[in-house]
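User: I am new to this structure and would like a close look at a single part of it. Please take one strand and describe what lies around it.

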Amino acid sequence: MSTIAVEGLTKRYGTVTAVDDLTFELAPGRITGFLGPNGAGKSTTMRLLLGLARPASGRATINGRPYSELRDPLRQIGALIDPNVFHPGRSGRAALRIAARPARIPDQRVEEVLNLVGLGSAAHRRAGGYSQGMRQRLALAAALLGDPETLVLDEPASGLDPEGVHWLRGLLRGLATEGRTVFVSSHLLAELAQTVDDVVIINRGRLVAADSMAGLLERTGASSLEDFFLGATSPDARPADPTFSRSRSLS
Amino acid sequence: MRSLVSAELLKLRSTRSAWIPLAAALAIAVIAVVASTTAAGPDGNPHLSPAALPGLLRASGGQIVDGAVLLCWIVLSAGEFRHRTSVTTFLGEPNRLRVVSAKLIAAALTGAAVGLLAEALSAATSAAALSAHHVPLDWSQPGVLGAVVAVPLLAALFGVLGVGLGLLLRNTAAALGLALMWAFVIEGIIPALTHQPGTTRWLPEAAANAVLHGASPAATTLSAGVALAVLTGYAAVLAGAGAALTARKEIGTATG
C-alpha cells in the first residue's frame with residue numbers, strides 16, 4: 001500500500017512563503033481532497049511532492065522516498081498537474097507514447113488508457129485541437145499510464161462537462177476501492193464533498209485541517225464542507241488552529 | 001538510458017517543426033549537387049573533373065545539414081519549456097541529468113544519421129551527374145573520405161550545440177534568434193569589434209568550416225584537428241551549462 005507523507009514542508013519564493021511548515025500523511029485506499037483558496041499553496045505542495053520544485057526545508061515522500069529517488073516513478077505515482085503539458089502539434093496517442101517510453105510501458109497500455117478516458121476515437125488528432133476537457137482527459141490518461149498505486153491530481157474536474165465530472169467521480173472511487181491512494185485538489189467544494197473520504201485544508205501555505213470528512217463536520221459542528229471551508233479560510237481566520245486537526249495523519 | 005533516448009527520438013519524429021528542417025536539408029543536399037554540376041562548364045565556370053567530387057560532397061552536406069540539425073534540436077529542447085512538456089518529461093524520469101544526457105545522445109545520433117544520409121544522397125547524385133558528363137569517378141582520391149567523415153561528425157556536434165542552447169535559454173524564439181544572429185551577424189563582426197582579426201578562426205562557424213574544408217594555405221584557419229577540438233569545446237560548454245541550469249531550475253512554472 002502506498003503512502004504520501006509531507007513533513008515540515010516549506011517553500012519560499014523571495015519574501016513570499018508559499019508553503020509554510022506543512023505536515024500531513026495520507027491513507028491508502030482513500031480519496032483525500034486537498035482544499036484551499038487561490039494561492040493557498042496547493043499546486044506548489046503538489047509540485048514539491050512530485051520533485052518539480054525544491055523545498056526550502058522539510059520533505060515530501062511517496063512510500064518513504066522523495067519522488068526524485070523513485071525507480072520507475074510512473075508505475076508508483078500518476079500525476080495530473082496541468083492539462084496543458086502536451087505539444088499542440090502531436091497527436092494524443094503520440095503524446096502518451098512519449099510519456100510511456102521512459103517506463104517501458106507498452107503501446108497496448110497507451111490504447112487502454114486512451115479508451116478508458118474516452119479519447120480512443122480522437123487519439124489520432126493533434127492535442128492542439130483538443131478542447132479543455134479533452135486535454136484534461138489526456139492528462140488523466142497520462143497519470144494512469146503506469147497503473148500506479150498513488151494518484152496526485154490537481155483540479156482534475158476542471159474543464160470537464162457534468163457527464164465528465166460524474167465519470168471522474170466514479171473513476172476515482174473505483175481506484176480508491178482497489179486500495180490506491182488518491183490525492184485530489186479542487187475548488188468545487190460541493191463536488192469534492194461527494195467524492196472524498198478525507199480532507200486536507202490549507203490556507204496561506206499553512207495547515208488548517210486534516211481529518212476525515214465525517215470527523216471534521218462532527219468535531220467542528222459545521223453544516224457542510226463549504227460552511228467549514230469558508231469559515232476556516234476567511235481573511236480573519238486564525239491560521240493552523242489545531243482544534244481543526246484531529247490528527248495530521250489520516251492513516 | 002535506451003528508453004529515454006527512444007523517447008527523445010519519438011519526440012523528433014512526432015514534431016513536424018523539428019523534422020521538416022532535416023528533410024529540407026537533405027533535399028537541398030541533392031539540389032546543391034545538381035545545381036553545381038549543371039552550372040559547370042558554361043559561362044566561364046570550371047569544367048567538371050574527377051577532382052570535383054570532394055567539393056560536391058562537402059558543399060552539399062556541410063553547413064546546411066549543420067544548420068538544420070541545430071535548428072531541429074533547439075526547437076525540441078527549448079520547446080519542452082515553451083509547451084510545458086518538460087513536466088511530463090521530468091515526471092517520467094526525475095533524474096534531470098539522465099534526461100539531458102538522453103537528449104544529447106539523441107541529438108548526436110540524429111546529426112550523425114542525417115549527415116551520413118546527406119552524404120549518401122550527395123554521393124549518389126554526384127555519381128549520376130559526373131557519369132552523365134562522362135567524368136570518371138575516383139572515390140579513393142584525397143578529400144572524399146574526409147568529407148564523408150566530417151559532415152556527420154559536425155552535424156552531431158551541432159545537434160549537441162542545439163540541445164545546449166535550447167536548455168540554456170529555455171525559449172525557442174530567443175534560441176533560434178541567437179543562433180541565426182550568430183551565424184549571419186555576430187561572428188562576422190566580432191573581429192571588427194575586438195580589433196583582433198585572428199580571433200575569427202577560433203569562433204564556431206570558422207572552426208566548423210576548418211573541419212569541413214581543412215586549413216587554408218595562408219594559415220588563416222585552424223587545422224582540422226584543432227578546429228574539431230575547439231568545436232567540441234563549444235558543444236561541451238553549452239551542453240554543460242544547459243544541463244546545470246536544467247538540474248537547478250524548477251519545472252512547470254511560466255518559464256519552465
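Analyst: What follows looks at strand E8 of chain A, then at the sheet around it and the rest of the chain.

The model is predicted. The mean pLDDT of chain A is 87, and 92% of its residues reach 70 or more. One stretch needs caution: over residues 240-244 of chain A, pLDDT stays under 50, and the model has seven contacts beyond four places in sequence for these residues. Where pLDDT is low, the predicted coordinates should not be read in detail.

Strand E8 of chain A covers residues 198-203, and six of its six residues are buried. In a regular strand the side chains alternate between the two faces of the sheet. On one side of E8(A) are Asp198(A), Val200(A) and Ile202(A), and on the other are Val199(A), Ile201(A) and Asn203(A). Both of these faces are covered, and all the residues named are buried.

E8(A) pairs with strand E3 of chain A (residues 31-35) in the parallel sense, over four bridges. In E8(A), Asp198(A) stands opposite Thr32(A). E8(A) also pairs with strand E9 of chain A (residues 206-212), here in the antiparallel sense and over six bridges. Val200(A) stands opposite Ala210(A), a residue of E9(A). E8(A) and E9(A) form a hairpin with two residues between the strands, where Arg204(A) takes a positive phi near 50°.

These strands belong to an open sheet of six, with the order E5-E6-E7-E3-E8-E9 in chain A and mixed pairing. Strand E5 (77-80) and E9 of chain A are at the edges with a single partner strand each, so one side of each has no neighbour in the sheet. From one strand to the next the twist averages 15°. Further along the order, E3(A) pairs with strand E7 of chain A (residues 181-185), in the parallel sense and over four bridges. In that pair Gly33(A) stands opposite Val184(A) of E7(A).

Helices also meet this sheet. Helix H4 of chain A (residues 132-144) packs on the sheet and touches E5 and strand E6 (150-154) of chain A. The direction of H4(A) makes about 165° with that of E5(A). Helix H7 of chain A (residues 213-220) lies across E8 and E9 of chain A, and runs at about 110° to E9(A). H7(A) is thus a helix that lies across the strand chosen here.

Chain A has a second sheet, open and of three strands, with the order E2-E1-E4 and antiparallel pairing. Strand E2 (16-25) and strand E4 (57-62) of chain A stand at its edges, each with a single partner strand, so that one side of each is left without a neighbour in the sheet. Neighbouring strands of this sheet are turned by 25° against each other on average, direction ignored. Strand E1 of chain A (residues 4-13) and E2(A) pair in the antiparallel sense over six bridges. Arg12(A) stands opposite Thr17(A), which is in E2(A).

Helix H1 of chain A (residues 42-49) lies across E1, E2 and E4 of chain A and runs at about 115° to E1(A). Eight of the eight residues of H1(A) are buried. Among them are Lys42(A), Arg47(A), Met46(A) and Leu48(A). After H1(A) comes Gly51(A), with a positive phi near 75°.

For the whole chain, there are eight helices and nine strands in chain A. Buried residues make up 50% of its 251 residues. The radius of gyration of chain A is 18 Å, which agrees with the value near 18 Å that a compact globule of 251 residues would have. The C-alpha trace of chain A spans about 50 × 35 × 35 Å along its principal axes. Of the contacts in chain A with a separation of 6 or more, 71% are between residues 24 or more positions apart.

Chain A also touches a partner: 29 of its residues are in contact with 24 residues of chain B. Helix H2 of chain A (residues 92-100) gives the largest share of the side of chain A that touches chain B, four residues. By class, this side of chain A has 18 nonpolar, five polar and six charged residues.

How values were computed
Residues are numbered from 1 along each chain as its sequence is written. Chains are lettered from A and ligands numbered from 1 in the order in which they are written. This is a predicted model: local features need pLDDT of at least 70, side-chain atom pairs count only at pLDDT 80 or more; totals for chains, interfaces and linings use all residues. Two residues are in contact if their C-beta atoms, placed from the backbone, lie within 7 Å. Ala, Val, Leu, Ile, Met, Phe, Trp, Tyr, Cys and Pro count as nonpolar, Asp, Glu, Lys and Arg as charged, and the others, Gly among them, as polar. pLDDT is the predictor's confidence in each residue, from 0 to 100. The radius of gyration is taken over C-alpha atoms; the globule rule is 2.2 Å times the number of residues to the power 0.38. A residue is buried if 20 or more other C-beta atoms lie within 10 Å of its own, exposed if 12 or fewer, and partly exposed in between; C-beta atoms are placed from the backbone. Two strands pair if DSSP finds at least two bridges between them. Axes are lines fitted to C-alpha atoms, for helices over the stretch in contact, and angles run from 0 to 180 degrees between N-to-C directions.
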